[in-house]
Amino acid sequence: MNYQDLRIVFMGTPAFAVASLDALVQAGCNIVGVITAPDKPAGRGMKLTESAVKKYAMEKGLHILQPEKLKNPAFLEALQNLHADLQIVVAFRMLPEVVWNMPPMGTINLHGSLLPAYRGAAPINWAIINGEKETGVTTFKLQHQIDTGNILLQEKILINDDETAGELHDVMKEVGAKLLIKTIKGLAENSIKEVLQQNENISKAQQHAPKIFTETCKIDWTKPADEIYNLTRGLSPFPAAFTFLQNKLLKIYKAKKEICLHNAEPGSCKSDGKTYLKFACADGYIYALDVQMEGKKRMLIEDFLRGFRLNPEGSKDDKQCEEK
């Protein structure tokens, strides 16, 4: 069968999914429907805002469905009437079996890790937080338990030492889109052999990639520099790792580490007041390079320090930071 003859329903919501939908359109796939989240109020005026996938689908004149509930009888009937051969899910919500089991060729998902590692909502973040040197993307068949279905294809991606989650996200969405096209062609040609997920070689840290919560983002300065550095990378640009400075929340989007012996209290800060701000941790210092103070704009550390008077390096009370 020619892959362009397949009737495909695409399900996705954020910008990550747009890259895959665009790849399908550019490859000439027959997209008979796009399922995305309902419009949501956003911004100061709480104006209804469309998802990134909806905006793209509207530009391309694709048929759009936005169900509040995926088990709604009217939605299920509308989905059935699309007569899809295959459904594709990229960054969407969890599907009930009545939905993922509907098309004869099943439903395939693009996931941002080398399954079975990092199953869950935030695989990109946790791979960097845990200091991984490589990750990847996986296409797999959906089944009952989340992210456990048979693997179709995988593609490895190296993680650079200074790469942030945002940067890896942008690389991954393009690599994933290409892998998705390769997967659809392979399914159409019946040339892909499904592989059962094997968990034996997965460490405890790699088993889950849960949603990121506020407590995950707070920096524990008693930890080693490597761990804190990886945390700042893995949470940048959103939601961002944070600490407190002058009793105000300070987000750190970019940092660098210095491994050294010192006698400073963990979390205490030192600065020359012009070019650097560093925080003591278990085995060295973390330099904040790109920050955002509560109630202010994001800025480079040099710009940030222009508005603050910090104690000179070596002062007795490194934690005192006074605004000019």
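Analyst: A residue is called buried when its relative accessible area is under 20%, exposed when it is over 50%, and partly exposed in between (1.4 Å probe, protein chains only). The model examined here is predicted, and therefore local features require pLDDT of at least 70 and side-chain atom pairs pLDDT 80 or more, while totals for chains, interfaces and linings use all residues. Residues are numbered from 1 along each chain as its sequence is written, and side-chain values rest on heavy atoms, with hydrogens and water left out.

User: How should one read the sheet, and in which order do its strands stand?

Analyst: Strands (E, at least two residues) and helices (H or I, at least four residues) are DSSP runs, numbered from the N terminus. Two strands are paired if DSSP finds at least two bridges between them. In this structure, seven strands make up an open sheet with mixed pairing, in the order β5-β2-β1-β6-β7-β8-β9. The edges are taken by β5 (64-65) and β9 (151-158); each has a single partner strand, so one side of each lacks a neighbour in the sheet.

User: How many bridges join β2 to β5?

Analyst: Two bridges join them, and the strands run parallel, β2 covering residues 30-35. Ile-35 has Leu-65 of β5 as its bridge partner.

User: How is a salt bridge recognised, and how many does the whole structure hold?

Analyst: The criterion is a side-chain nitrogen of Lys or Arg within 4 Å of a carboxyl oxygen of Asp or Glu. A search of the whole structure finds eight salt bridges. In one of them, the side chains of Lys-54 and Asp-39 meet at 3.1 Å, N to O. This pair links distant parts of the chain, 15 residues apart: Lys-54 belongs to helix α2 (residues 52-59), and Asp-39 to the loop between β2 and β3 (40-42). Lys-54 is buried at 11%, whereas Asp-39 is partly exposed at 25%.

User: Which strands hold Glu-134 and Lys-156?

Analyst: The side chains of Glu-134 and Lys-156 meet in a salt bridge of 3.7 Å, N to O. Glu-134 lies in strand β8 (residues 134-141) and Lys-156 in strand β9, so the pair ties together parts that are 22 residues apart in sequence. With a relative accessible area of 35%, Glu-134 is partly exposed; Lys-156, at 58%, is exposed.

User: How far apart in helix α6 are Lys-173 and Asp-170?

Analyst: They are three residues apart in helix α6 (residues 165-189), which means a separation of about one helical turn. The closest N and O atoms of this salt bridge are 4.0 Å apart. Lys-173 is buried at 18%, while Asp-170 is partly exposed at 41%.

User: How many disulfides are found?

Analyst: A disulfide is a pair of cysteine sulfur atoms within 2.5 Å. The search of the whole structure finds zero. Cys-29 is buried, at 10% relative accessibility, and Cys-269 is buried at 6%.

User: Is Thr-148 buried or exposed, and which residues does it contact?

Analyst: Thr-148, in the loop between β8 and β9, is buried, with a relative accessible area of 15%. Contact means heavy atoms within 4.5 Å. Setting aside neighbours within four places in sequence, Thr-148 is in contact with Arg-119, Phe-140, Gln-143 and Gln-197. A polar contact is a pair of N or O atoms within 3.5 Å; within protein, one must be able to donate a hydrogen and the other to accept it, and residues adjacent in sequence count only if both atoms are side-chain atoms. The side chains of Thr-148 and Gln-143 make such a contact at 3.4 Å.
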